[in-house]
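Subject: Structure for your review

Dear colleague,

Please find the structure below, handed over for your study. My notes on the ligand and on the empty spaces in the protein follow it.

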Amino acid sequence: MDDQLPRGGLIRKLWVAEADLYRDHLLRLDLQSRRSRFAGAVSDQFLSEYAELAFGIDAIIHGFFVDGMLRGAAELRPVGPTARREGEAAFSIEKQWQSHGVGSLLLERTLLAARNRGLKFLHLACLADNKRMQQLARKYDAELSFDFGTVVGEVAAPRPTPLSLIREIIADGHGFATAMFDMQSRLLVGSGAR
Ligand SMILES: CC(C)(COP(=O)(O)OP(=O)(O)OC[C@H]1O[C@@H](n2cnc3c(N)ncnc32)[C@H](O)[C@@H]1OP(=O)(O)O)[C@@H](O)C(=O)NCCC(=O)NCCS
């Protein structure tokens, strides 16, 4: 799935211990992207506290990395009573990496994760003037039906299948292996080894 990413990029799930990477990514967002992501102007302190809390129970955050730096993220979390099977998704991509197809791939991963967790409705935190996010969501109208008045998408066939579970496991396995390789390389460089 990562084949279509900008060169050197990879998408994988973030680990709980990576809250500081998430905070630094959010702090790098330009003012307009911050506004679009958080539906208004937010302070650095707000973003730092938000990043700490974001890894709550059941949250799944996919990250887009380039050379070990987190440049984009997609959050998915269940909301409301379990029986309603509703989730909420939100995306943030640093300006330099916007309009390179990263948001599309993050949405694909988020949809797969939502489906595998039986979520039926996905709320997208999206301002009415955010045309790019709306265009992005429309690309997936076969999998999501959107009503932009209420910004709720219905996930098509919200049931895991053996194939959808395998797709997520394969994507996770690839992300984990690459993350380990990346970490090893940085440790080797740091220790001066060639
Ligand atoms: C909104 C956002 C997630 C979209 O991700 P992205 O990586 O920039 O989007 P993609 O490159 O995957 O493009 C998705 C679609 O948007 C449309 N699009 C891309 N760039 C666009 C632009 N500059 N203007 C208008 N539409 C654009 C295209 O239809 C595109 O699909 P296509 O390339 O197949 O035609 C990203 O720009 C972002 O993080 N913005 C700041 C925060 C934000 O708005 N978050 C959303 C609310 S939670």
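For the residue classes used in this message, Ala, Val, Leu, Ile, Met, Phe, Trp, Tyr, Cys and Pro count as nonpolar, Asp, Glu, Lys and Arg count as charged, and the others, Gly among them, count as polar. By these classes, the lining of the largest cavity has 3 nonpolar, 1 polar and 3 charged residues. Please note that the model is a predicted one.

I begin with that cavity. The count comes to 1 cavity of 30 Å³ or more, and the volume of the largest cavity is about 30 Å³. Its lining is formed by His-62, Arg-109, Leu-112, Ala-113, Glu-168, Ala-171 and Asp-172. Two or more of these lining residues come from each of H4 and helix H6 (162-190).

I turn next to the largest pocket, which has a volume of about 570 Å³. It is lined by 27 residues, and the closest to its centre are Ile-93, Gln-98, Asn-130, Arg-132 and Met-133. Helix H2 (31-38), strand E4 (86-93), helix H4 (102-116) and helix H5 (131-139) each give two or more residues to this lining. In terms of class, the pocket lining divides into 10 nonpolar, 12 polar and 5 charged residues.

Which space does the ligand take? The ligand occupies the largest pocket. The elements that give two or more residues to the shell around the ligand are H2, E4, H4 and H5. Of the elements, H5 gives the most to this shell, with 5 residues.

There are 20 residues around the ligand, and Ile-93, Ser-99, Gly-101, Gly-103 and Ser-104 come nearest. The shell comprises 7 nonpolar, 11 polar and 2 charged residues.

Three polar contacts may help you to find your way around the ligand:

- A polar backbone atom of Gly-103 is 2.7 Å from an oxygen atom of the ligand.
- Asn-130 places a polar side-chain atom 2.8 Å from an oxygen atom of the ligand.
- Gln-135 has a polar side-chain atom 3.4 Å from an oxygen atom of the ligand.

How much of the ligand's area does the protein bury? Taken alone, the ligand exposes 920 Å², and the protein buries 75% of that.

When you open the model, I suggest starting from Asn-130, which is among the residues closest to the centre of the largest pocket and has a side-chain contact with the ligand.

Yours sincerely,
A colleague

Key. Residues numbered from 1 in each chain as written. Predicted model: local features only at pLDDT ≥ 70, side-chain atom pairs only at ≥ 80, totals over all residues. Heavy atoms only, no water. 1 Å grid on protein atoms, 1.4 Å probe; cavity = no way out; pocket = protein on both sides within 12 Å on 5 of 7 lines; lining within 4 Å. Points joined across faces, edges and corners; volume = space filled by probe spheres on them. Helix = DSSP H or I, 4+ residues; strand = E, 2+ residues; numbered from the N terminus. Near = heavy atom within 4 Å. Polar contact = N/O pair within 3.5 Å; in protein donor to acceptor, adjacent residues only side chain to side chain. Areas by Shrake-Rupley, 256 points an atom, 1.4 Å probe, with all protein chains shown as cover. Sits in = over half its atoms within 2 Å of the grid points.
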